[in-house]
Amino acid sequence: MKSILAVVLTLLIGHHALADGNAEYKYREGVMRTVGGQMSSLAAILRGRVHFENLKFHARGMADLAEIVPHVFPEGSGVHQSEALPAIWEQPDEFKMAVEKFVKAAKGIATAAEGGDMSEIGPAMKSLGQACKGCHDNYREEDD
Ligand code: HEC
């Protein structure tokens, strides 16, 4: 009897942990898509020279997301569908640096866009792009 209870408990707890990992992954996916959306809009404005008046809103949106991104990689969220690589949890200090680089770059584009000086927006956008790529190169599975 006791051992059956132990098995049931293990299953319940195991299932619960899995469900949380999936929920965390789903949340991260939504956040990352939003990051991607803001990036597309920023790039479209700068390349296509349209809706410049909205640049600061997208840049501010990116800076807001930078408050969220450090919290979307909890341990156990590297579920099956996820493209997050184990290195995230195996090299937490290095990963933290990649996150911080992004946070700094996102705040940088917000400040530059608020000021409206094109000579600052270009380099800020470049740093931001490098922060995405730097992290994806090391911590995200390559798309086939
Ligand atoms: C600190 C690391 C890191 C940074 C910085 C980062 N990403 Fe990601 N990104 C990831 C990881 C890891 C995934 C895969 C997440 C998963 O599948 O669980 C991802 C996924 C994505 C996705 C796919 C979302 C989906 O549909 O599943 C997009 C789009 C994306 N990132 C865009 C960006 C852009 C644009 C930037 C920069 C403005 C950026 N990311 C910065 C780590 C990062």
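This section describes the fold, nonpolar core, pockets, iron site and selected residues of a predicted model.

The chain contains five helices and zero strands. Along the sequence the elements follow the pattern α-α-α-α-α. Of the 144 residues in the chain, 31% are buried. Among contacts between residues at least 6 apart in sequence, 71% join residues that are at least 24 apart.

The largest nonpolar core comprises 34 residues. Within this core, the residues with the most contacts are Met62, Phe102 and Leu128. At least two core residues come from each of helix H1 (2-48), helix H2 (55-68), helix H3 (87-90), helix H4 (92-115) and helix H5 (118-139). The greatest contribution is that of H4, which supplies 10 residues to the core. In soluble globular proteins, nonpolar side chains tend to be buried together. When residues up to four places away in sequence are not counted, Met62 touches Val35, Gln38, Met39, Leu42, Phe102, Ala106 and Leu128. The contacts of Met62 thus include Phe102 and Leu128, both of which are listed with Met62 as the residues with the most contacts inside the core.

Two pairs of residues illustrate approaches between distant parts of the sequence. Alanine 63 is found in helix H2. This residue counts as buried because its relative accessibility is 13%, which is under the 20% limit. Leaving aside neighbours within four places in sequence, alanine 63 is in contact with Ala106, Lys107 and Ala110. For the pair formed by alanine 63 and lysine 107, the C-alpha atoms are separated by 5.0 Å, although the two residues are 44 residues apart along the chain. Ala106 is in contact with alanine 63 and is also touched by Met62. The second pair involves glycine 36, which lies in helix H1. Glycine 36 has a relative accessible area of 31% and is therefore classed as partly exposed, since this value falls between 20% and 50%. Glycine 36 and cysteine 132 are 96 residues apart in sequence, and their C-alpha atoms are 9.5 Å apart in space.

The largest pocket has a volume of about 540 Å³. Its lining consists of 24 residues, and Arg28, Met32, Phe73, His136 and Arg140 lie nearest the pocket centre. Two or more lining residues are given by each of H1, H4 and H5. H1 gives the most to this lining, with seven residues. Divided by class, the lining has 15 nonpolar, four polar and five charged residues.

One of the residues nearest the centre of the largest pocket, His136, is also a metal ligand in the model. The NE2 atom of His136 lies at 2.1 Å from the iron atom of the ligand and is its only protein donor. Histidine 136 is found in helix H5, one of the elements that give two or more residues to the pocket lining.

The second largest pocket has a volume of about 190 Å³. This pocket is lined by Val69, Pro70, Phe73, Glu75, Ile88, Trp89, Pro92, Phe95, Lys96, Val99, Glu100 and Val103. H3 and H4 each supply at least two of the lining residues. The most are given by H4, with six residues. By class, nine of the lining residues are nonpolar, none is polar and three are charged. Phe73 is part of the lining of the second largest pocket and is also among the residues that lie nearest the centre of the largest pocket. H4 likewise contributes to the linings of the largest pocket and the second largest pocket.

Backbone geometry in the loop between H1 and H2 was also examined. Most residues other than glycine have a negative phi, and most peptide bonds are trans. Arginine 49, which is not a glycine, has a positive phi of about 50°. Arginine 49 lies in the loop between H1 and H2. With a relative accessible area of 72%, arginine 49 is classed as exposed, because this value is over 50%. Histidine 51 is also not a glycine and has a positive phi of about 50°. The loop between H1 and H2 is again the location of histidine 51.

Definitions and conventions: Residues numbered from 1 in each chain as written. Predicted model: local features only at pLDDT ≥ 70, side-chain atom pairs only at ≥ 80, totals over all residues. Heavy atoms only, no water. Core = buried A, V, L, I, M, F, W, Y, C linked by side-chain atoms within 4.5 Å. Buried < 20%, exposed > 50% of the residue type's maximum accessible area, 1.4 Å probe, protein only. Helix = DSSP H or I, 4+ residues; strand = E, 2+ residues; numbered from the N terminus. Contact = heavy atoms within 4.5 Å. 1 Å grid on protein atoms, 1.4 Å probe; cavity = no way out; pocket = protein on both sides within 12 Å on 5 of 7 lines; lining within 4 Å. Points joined across faces, edges and corners; volume = space filled by probe spheres on them. Nonpolar A, V, L, I, M, F, W, Y, C, P; charged D, E, K, R; others polar. Donors = N, O, S within 2.8 Å, 3.2 Å for Na, K, Ca; no water.
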